[in-house]
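Dear colleague,

I am handing over the structure below, and I would be grateful if you could look it over before reading on. My notes on what was found in it follow directly after it.

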Amino acid sequence: MEELRELEETQRMLTLMQSQGVLSSSNQDSDRFLANLILLLVKPCGDLDLNEKCTLISEQMPKISASFLREASLLFNRQVPLQIEEKVNGCRPSSVGNSDLEQKDFEGTAFISLDSMQRANSTLEDFCRSYFMFHGMDANSPQSIFKYLPVLSFTESYIYQMDSLNEKIANLPANNVAVLEREYEIPKGNESWIAECMDVFKNNPFGPLVTQLECHGLLTERITEELRSGEEYWALERKLCPAIMNQKEITVEDVMRAIHLKSFDYRVLNLILYQLRGEKVNDLHMDFLSTSEFLVEVSDDLFDYEDDVLENNFNILRMFVRIYGSLMAPVMLAKYIAEAEVKYESLLKSLDPQLSSTYQRRCEEATKEGGNISGHPHGTWSIPPVIVDEELYRRNCLNSQ
């Protein structure tokens, strides 16, 4: 009986709306939605009169965005369909089965692919083994790891997924990127899909992740700032990598800014861990780890130099060769490394002696495990021979294969 009464009320409201010219279109779903909304507005609610309700709706409606409604839908509608990730890196979900929720219901929701989760594993392992000690946690304790792993894994996997997509965009032919940024439409291959994602990177690539962190009470201004650093790094990557490929000028300011921003994901994870544990952020630890991150990023770039040339990835040595030439690039890079090492040693002495000793042992372990002798803070710096003609190097590698 209750359902029949609601159906009758809706029909009567539709009739009234038609007589007043309020019907939105020939779309019955739209008209039914408006009818139900009006029925809700006319029902008594405390001391609110109709004018007050109209004022309230007028004031608050701009704040009720589609992303907000989607999040509310996920919170209050428990029958969420299984999602299978398709396309490149599974970035676009598709619905499976007979469900009232369509793909559009999940736009703006944070989805991650299995591939991204697998690729994020090495970073998560390193984070646990290198950063847990700064929280007084034992990285060898399953309880410590699994208590916080869901949030940390979800965050890092999301970042990996977006990072992979950004690299694909950065490696599109220069003319295609220009068209994508200007018109968002390329008719062939996957480029039309990547064009859709360009808008995400230009506006709010971390929107879905931020929503999740906010819902769980984990978002802080410092985390938001680090995510902005991630956006800036990706923008610099899209700027610098095509410039190198096309023999265009780049600036050392952009390169140094990018290398310092590159480890933003570690800082995000660390700040989230502070939130999860209800701890105040230790600024000395953050400053020390930031300096260490710079040295590790440079070390990784030297170790991966040849691969990064082949794949046109951001690499500080590649950038320095472009800026300073093949002779001066190693000299200038060594200068920046030496300056960072002085700061690193100074901050290391400021740490608790036990923590300092434990971290140094971890760095030595990481160096041995990776077989990387190119520049870890406790390894031996070795700058590889520079590649003067990258295009020739790629052709020779391709021919040898």
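E339, with a relative accessibility of 43%, counts as partly exposed, a class that lies between buried, which is under 20% relative accessible area, and exposed, which is over 50% (1.4 Å probe, protein chains only). This residue forms a salt bridge with K335, in which the closest N and O atoms are 3.0 Å apart; the term stands for a side-chain nitrogen of Lys or Arg within 4 Å of a carboxyl oxygen of Asp or Glu. K335 is likewise partly exposed, at 40%, and the two partners both lie in helix α15 (residues 316–350), where four residues, or about one turn of the helix, separate them.

Please bear in mind that this is a predicted model, in which local features need pLDDT of at least 70 and side-chain atom pairs count only at pLDDT 80 or more, while totals for chains, interfaces and linings use all residues. Residues are numbered from 1 along each chain as its sequence is written, and side-chain values use heavy atoms, with hydrogens and water left out.

As for the overall make-up, the protein chain contains 17 helices and two strands, which are DSSP runs (H or I of at least four residues for helices, E of at least two for strands) numbered from the N terminus. Of its 401 residues, 42% are buried. Among contacts (heavy atoms within 4.5 Å) in the protein chain with a separation of 6 or more, 67% are between residues 24 or more positions apart.

The pair in α15 is one of 21 salt bridges that a search of the whole structure finds. A further one joins the side chains of E365 and R129, at 3.5 Å from N to O. Because E365 belongs to helix α16 and R129 to helix α5, this pair ties together parts that are 236 residues apart in sequence. E365 is partly exposed at 39% relative accessibility, and R129 is partly exposed too, with a relative accessible area of 26%. Both residues also take part in a network of salt bridges that links E125, D126, R129, R362, E365 and E369.

R222 and D283 form another salt bridge, with their closest N and O atoms 2.7 Å apart. Since R222 lies in helix α10 and D283 in helix α13, the pair ties together parts that are 61 residues apart in sequence. Each partner counts as partly exposed, R222 at 37% relative accessibility and D283 at 44%.

Turning to the interior, nonpolar side chains tend to be buried together in soluble globular proteins. A nonpolar core here is a set of buried Ala, Val, Leu, Ile, Met, Phe, Trp, Tyr and Cys residues joined through side-chain atoms within 4.5 Å. In this model the largest such core has 78 residues, and the members that touch the most others are F288, F314 and F320. Helix α15 contributes the largest share of this core, namely 14 residues. If neighbours within four places in sequence are left aside, F288 is in contact with F134, Y344, L347, L348, L351 and Y359. There is also a second, separate core of five residues, among them M13, L14, M17 and L39.

Two buried residues outside that discussion may be worth finding on the model. L218, in the loop between α9 (207–215) and α10, is buried, with a relative accessible area of 6%. Not counting residues up to four places away in sequence, L218 touches V151, L213, I223, Q275 and L276. The C-alpha atom of L218 is separated by 9.3 Å from that of Y274, a residue 56 positions away along the chain. R394, in helix α17 (residues 390–400), is a charged side chain that nevertheless counts as buried, at 13% relative accessibility. Its contacts, leaving aside neighbours within four places in sequence, are M245, V309, L310 and R318.

Finally, there is the largest pocket, where a pocket is an open set of points on a 1 Å grid over the protein atoms alone at which a 1.4 Å probe fits, with protein on both sides within 12 Å along at least five of seven lines; lining residues have an atom within 4 Å of a point. Its lining consists of 41 residues, and T123, Y160, Y266, E297 and D300 lie nearest its centre. The helices that each supply at least two lining residues include α5 (114–131), α6 (142–170), α12 (264–277) and α14 (305–311). The largest share, eight residues, comes from α5.

With best regards
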